[in-house]
Amino acid sequence: MLDTLEEIISLKRDSFRRFGAQVELYNGVREWFEMINEYGKTIGLNIKHYINSSGLKEMIEGTSIAKEFENIYACSFLYDIDGIAYWPAVAVDYTTKTQFLFKINKGIREVSDNKRINEYVAKEDRPIPFERMIYFGDGETDVPSMSVVKSQGGHAIAVYGDLKKKATAQKLINENRVDFMCKADYSEGGDIHITVMNILDKIRTDYDS
């Protein structure tokens, strides 16, 4: 793949980041983080955001919202001394995504750390409890992760951008694999915004009880 792409596009890390800067975001995404963080503060919650993606980390780092995330768990390349990709470093599939959830749960930042993830950590000592997670998924590789979060007491939202994705989201609702389905619009007062505020209120209430 790299040999083929090298004849078409630049494989430098900086080029991937430039591609990321051109990614078109859903409506309201740029304002989402400040808006939801501020709401969290009003009810006494410190909200952290993570990316769990089968996309390319270097492209995600190039987006205007990359700075909003505590950590980015995604595919990546190894680079030579000239900064050109020459071999895959991390490849992410369905299973890897669920593993990343447990890394977040246990506070493991290193994507390639496959040792600490298997070490026992008491539930009460894990910094990010599943019960306080909200997982947004919009693709097939997200389904196992959404199911894991939901089964562990967290909350899963199937996000859709078109009628085909809406039908898939509805199927996940019917199968009880997610809690909510929302159109991909993150604007203030929209379905996702209202849904997430309600979930945060529940998390706050459960935390106090």
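N176 sits in the loop that links α7 (163-174) to β6 (180-183). This is a predicted model, and N176 is a handy place to start looking around. Its backbone is a little unusual: N176 has a positive phi of about 60 degrees, even though N176 is not a glycine. As background, most residues other than glycine have a negative phi. N176 counts as exposed because its relative accessibility is 53%, and the cut-off for that label is over 50%.

**The two sheets**

From N176 the chain leads into β6, which belongs to an open sheet of three strands in the order β4-β5-β6, with parallel pairing. The edges of this sheet are β4 and β6, each of which pairs on one side only. Going from one strand to the next, the twist averages 30 degrees. Zoom in on β4 and β5 (residues 155-160) and you find parallel pairing over four bridges. If you want a landmark there, look for Y135, which stands opposite A156 in β5. A helix goes with this sheet too: α8 lies across β4, β5 and β6, and runs at about 175 degrees to β5.

There is another open sheet, built from three strands in the order β1-β2-β3, and here the pairing is mixed. Its edge strands are β1 (50-56) and β3 (85-90), each pairing on one side only. The twist from one strand to the next averages 35 degrees. β1 and β2 (residues 71-79) run in the parallel sense, joined over four bridges. One spot to check by eye is L56, whose bridge partner in β2 is C75.

**Empty space: a pocket and a cavity**

Now for the gaps between the atoms. Rolling a probe the size of a water molecule over the atoms shows where empty space is left. Here are the two spaces in brief.

| Space | Volume | Nonpolar lining residues | Polar lining residues | Charged lining residues |
|---|---|---|---|---|
| Largest pocket | about 1,600 Å³ | 32 | eleven | seven |
| Largest cavity | about 30 Å³ | three | three | one |

What lies nearest the centre of the largest pocket? Of the 50 residues in its lining, H49, Y50, I51, F69 and F136 are the ones nearest that centre. Several elements chip in at least two lining residues each: α3 (29-42), β1, α4 (57-61), α5 (94-106), β4 (134-137) and α8 (191-208). The largest share, seven residues, comes from β1. So the elements you met above turn up again here, with β1, β4 and α8 among the contributors to the pocket lining.

As for the cavity, a search of the whole structure finds one of 30 Å³ or more. Its lining is made up of G20, A21, V23, L25, R30, T63 and S64.

**A closer look at S64**

S64 is one of the residues lining that cavity, and you will find S64 in the loop between α4 and β2. Is S64 buried, partly exposed or exposed? S64 counts as partly exposed because its relative accessible area is 37%, which falls between the 20% and 50% cut-offs. Leaving aside residues up to four places away in sequence, S64 touches L25 and R30, and both of these are also in the cavity lining. A21 is another lining residue; A21 and S64 are 43 residues apart along the chain, yet their C-alpha atoms are separated by 6.5 Å.

Notes. Residues numbered from 1 in each chain as written. Predicted model: local features only at pLDDT ≥ 70, side-chain atom pairs only at ≥ 80, totals over all residues. Heavy atoms only, no water. Pairing = 2+ DSSP bridges. Axes fitted to C-alpha atoms, helices over the stretch in contact; angles between N-to-C directions. 1 Å grid on protein atoms, 1.4 Å probe; cavity = no way out; pocket = protein on both sides within 12 Å on 5 of 7 lines; lining within 4 Å. Points joined across faces, edges and corners; volume = space filled by probe spheres on them. Nonpolar A, V, L, I, M, F, W, Y, C, P; charged D, E, K, R; others polar. Buried < 20%, exposed > 50% of the residue type's maximum accessible area, 1.4 Å probe, protein only. Contact = heavy atoms within 4.5 Å.
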